[in-house]
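Here are my comments on the structure you asked me to look over, set out as numbered points. Please read them with the sequence and the structure side by side.

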Amino acid sequence: MRDKKRLIEVYEHLRQHFGIHTKSDFAKAIDYGRTSMSAALNGNEKYLTNNLFESICNTYKDVFNIDYLLNGNGELLTPMEESKVIDIEKTSIIDLYATLIKEVEGLRMMLKEELNEVRDIKKSLVEDHQMLNNVIDRILDSPNYGIMAAENH
């Protein structure tokens, strides 16, 4: 079962950093059968072979530590890959923060524009309301209003 755990660690690293999205992608990348890969990821010891882990290391040179994959010694990633991951994560955080700042500023500007539009609409509605009240007042104050009201009843 330890082999399964290590294989899943490889799969998750590839999903996060190498664009592997499915078990089929993983199998295709290392030229391994899709059903065999699925069986290996499910813990079938028949498929959790040294050849599988060696194929992974040959395909992804300088990424995975073969001693870890075969024997559980050391860390999953080679020191070179670990430093790349750390650099990518730092860069990603800085880029993400900068992107978020730009998006927030864009949203702030958009909301400000929409607020101005709402204010303009409100002003227009208030003016229309006042105009209608003035028309109603003129009608009610007109001497013909009583006659028109009586005729309609």
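Which residues does Phe-64 touch, not counting residues up to four places away in sequence? The answer comes in the second point, after a word on the model as a whole.

1. Overall make-up. Please keep in mind that this is a predicted model. The protein has 7 helices and 0 strands, and from the N terminus on its elements run α-α-α-α-α-α-α. Of the 153 residues in the protein, 20% are buried, while the accessible surface comes to about 11,300 Å², with 55% of that surface belonging to carbon and sulfur atoms. Among the contacts between residues at least 6 apart in sequence, 43% join residues that are at least 24 apart.

2. The surroundings of Phe-64. Leaving out residues up to four places away in sequence, Phe-64 touches Val-10, His-13, Leu-14, Ile-56, Cys-57, Leu-69, Leu-76, Leu-77 and Thr-78. Phe-64 is also among the residues with the most contacts inside the largest nonpolar core, together with Leu-7, Phe-26, Ile-56 and Leu-69. Two of the residues that Phe-64 touches, Ile-56 and Leu-69, therefore appear again in that list of the core.

3. The nonpolar core. The largest nonpolar core has 23 residues, and at least two of them are supplied by each of H1, H2, H3, helix H4 (50-59) and helix H5 (66-71). As background, nonpolar side chains tend to be buried together in soluble globular proteins. In helix H3 (residues 34-41), the buried residues are Ser-36, Met-37, Ala-39, Ala-40 and Leu-41. Just after H3, Gly-43 takes a positive phi of about 95°.

4. Aromatic pairs. The structure holds 3 aromatic pairs. One of them is stacked, because the rings of Tyr-11 and Phe-26 have their centres 5.6 Å apart and their planes at 20°. This pair links distant parts of the chain, since Tyr-11 lies in helix H1 (residues 2-17) and Phe-26 in helix H2 (residues 23-29), 15 residues apart. Tyr-11 counts as buried because its relative accessibility is 8%, and Phe-26 is buried with a relative accessible area of 0%. In another pair, the rings of Tyr-60 and Phe-64 have their centres 6.2 Å apart and their planes at 85°, so this pair is edge-to-face. Both Tyr-60 and Phe-64 are buried, and these two residues form one aromatic cluster with Phe-18.

5. Salt bridges in helix H1. A search of the whole structure finds 4 salt bridges, and it helps to recall that side chains of opposite charge can pair when their charged atoms come close. Arg-6 forms a salt bridge with Asp-3, where the closest N and O atoms are 2.4 Å apart; both residues lie in helix H1, 3 residues apart, which is about one turn of the helix. Is each partner buried or partly exposed? Arg-6 is buried, because its relative accessible area is 7%, whereas Asp-3 is partly exposed, with a relative accessible area of 23%. Lys-5 forms a salt bridge with Glu-9, the closest N and O atoms being 3.1 Å apart, and these two residues also lie in helix H1, 4 residues apart, or about one turn of the helix. Lys-5 is partly exposed with a relative accessible area of 48%, and Glu-9 counts as partly exposed at 25% relative accessibility.

6. A salt bridge in helix H6. Arg-108 forms a salt bridge with Glu-105, and the closest N and O atoms of the two are 3.0 Å apart. Because Arg-108 and Glu-105 are 3 residues apart in helix H6, about one helical turn separates them. Arg-108 counts as partly exposed at 44% relative accessibility, and Glu-105 is partly exposed with a relative accessible area of 37%.

7. A nonpolar patch on the surface. Met-131, Val-135 and Ile-139 form a nonpolar patch on the surface, and together they have about 240 Å² of accessible area. Val-135 has its place in helix H6 (residues 79-141), and this residue counts as partly exposed because its relative accessibility is 31%.

Definitions and conventions: Residues numbered from 1 in each chain as written. Predicted model: local features only at pLDDT ≥ 70, side-chain atom pairs only at ≥ 80, totals over all residues. Heavy atoms only, no water. Patch = residues over 30% accessible without salt bridge, like charges linked within 9 Å, V, L, I, M, F, W, Y side chains within 5 Å. Areas by Shrake-Rupley, 256 points an atom, 1.4 Å probe, with all protein chains shown as cover. Salt bridge = Lys/Arg side-chain N within 4 Å of Asp/Glu carboxyl O. Buried < 20%, exposed > 50% of the residue type's maximum accessible area, 1.4 Å probe, protein only. Phe/Tyr/Trp six-rings, centres within 6.5 Å; stacked < 30°, edge-to-face > 60°. Contact = heavy atoms within 4.5 Å. Core = buried A, V, L, I, M, F, W, Y, C linked by side-chain atoms within 4.5 Å.
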